[in-house]
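I sat down with this model today and kept short notes on what I looked up. Here they are, in the order I made them.

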Amino acid sequence: MDDQELIKKSLAGDRKSLEQLIHSVQGLIFNLSLRFLWDRMDAEDATQEILIKIVTNLSKFNGQSKFQTWAYRVATNYLIN
């Protein structure tokens, strides 16, 4: 299943699709957080908060880029602030 399909199903309330979608970017976001913060515990906390931000703002994803690119941008904005 591609990201667009997973996003549609997630927004419709399919929990498995949401879990699969989040799992697809979790490692990317953790690694980015670790590079920014240089502390594993802080990176884990930041990753959780970023994933929550992605889930709560998923309806704002407009599909003009890949989902991973959008998630990466959400993460970098969070980490910069």
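**Entry 1: exposure and helix α3.** Before starting, I wrote down the scale: buried means under 20% relative accessible area, exposed means over 50%, and partly exposed covers what lies in between. I also reminded myself that this is a predicted model. I tried the scale on Glu44, which has 33% relative accessibility and therefore counts as partly exposed. I then asked which residue Glu44 forms a salt bridge with. I found Arg40, with the closest N and O atoms 3.5 Å apart. Both residues sit in helix α3, four residues apart, or about one turn of the helix. Arg40 comes out as exposed, because its relative accessible area is 51%.

**Entry 2: the other bridge.** How many salt bridges does a search of the whole structure find? I got two. Besides the pair in α3, I noted Glu19 with Arg15, where the closest N and O atoms are 3.3 Å apart. This pair lies in helix α2, and here too the spacing is four residues, about one turn of the helix. Glu19 is partly exposed because its relative accessible area is 42%. Arg15, at 64%, is exposed. As a general reminder to myself, side chains of opposite charge can pair when their charged atoms come close.

While on Arg15, I took one distance to Phe30. The two are 15 residues apart in sequence, and their C-alpha atoms are 22 Å apart in space.

**Entry 3: the loop after α2.** Helix α2 covers residues 15–37, and Trp38 lies in the loop between α2 and α3. I checked the backbone there and stopped at Trp38: its phi is positive, about 60 degrees, although the residue is not a glycine. I pencilled in why this caught my eye: most residues other than glycine have a negative phi. Is Trp38 buried or exposed? Its relative accessible area is 75%, so Trp38 is exposed.

**Entry 4: surface patches.** I looked for charge on the surface next. Asp39, Asp42, Asp45 and Glu49 gather there in a patch of negative charge. Glu49 belongs to helix α3, which spans residues 40–56. With 42% relative accessibility, Glu49 counts as partly exposed.

Which residues form a nonpolar patch on the surface? I listed Phe36, Leu37 and Ile80, which together have about 270 Å² of accessible area. Leu37 is part of helix α2. At 33% relative accessibility, Leu37 counts as partly exposed.

**Entry 5: aromatic rings.** I finished with the rings, and a search of the whole structure gave three aromatic pairs. For Phe61 and Phe67, the ring centres are 5.8 Å apart and the planes meet at 85 degrees, so I entered the pair as edge-to-face; the cut-off for that label is over 60 degrees. Are Phe61 and Phe67 buried or exposed? Both are buried. Ring pairs also bring in Trp70, linking it with Phe61 and Phe67 into a cluster.

**Looking back.** My page now holds two salt bridges, a negative patch that includes Glu49, a nonpolar patch that includes Leu37, and an aromatic cluster of Phe61, Phe67 and Trp70. I have put a small star beside Trp38 for its positive phi.

Notes:
Residues numbered from 1 in each chain as written. Predicted model: local features only at pLDDT ≥ 70, side-chain atom pairs only at ≥ 80, totals over all residues. Heavy atoms only, no water. Patch = residues over 30% accessible without salt bridge, like charges linked within 9 Å, V, L, I, M, F, W, Y side chains within 5 Å. Areas by Shrake-Rupley, 256 points an atom, 1.4 Å probe, with all protein chains shown as cover. Salt bridge = Lys/Arg side-chain N within 4 Å of Asp/Glu carboxyl O. Lys, Arg positive; Asp, Glu negative; His and termini not counted. Charge placed at Lys NZ, Arg CZ, Asp CG, Glu CD. Helix = DSSP H or I, 4+ residues; strand = E, 2+ residues; numbered from the N terminus. Buried < 20%, exposed > 50% of the residue type's maximum accessible area, 1.4 Å probe, protein only. Phe/Tyr/Trp six-rings, centres within 6.5 Å; stacked < 30°, edge-to-face > 60°.
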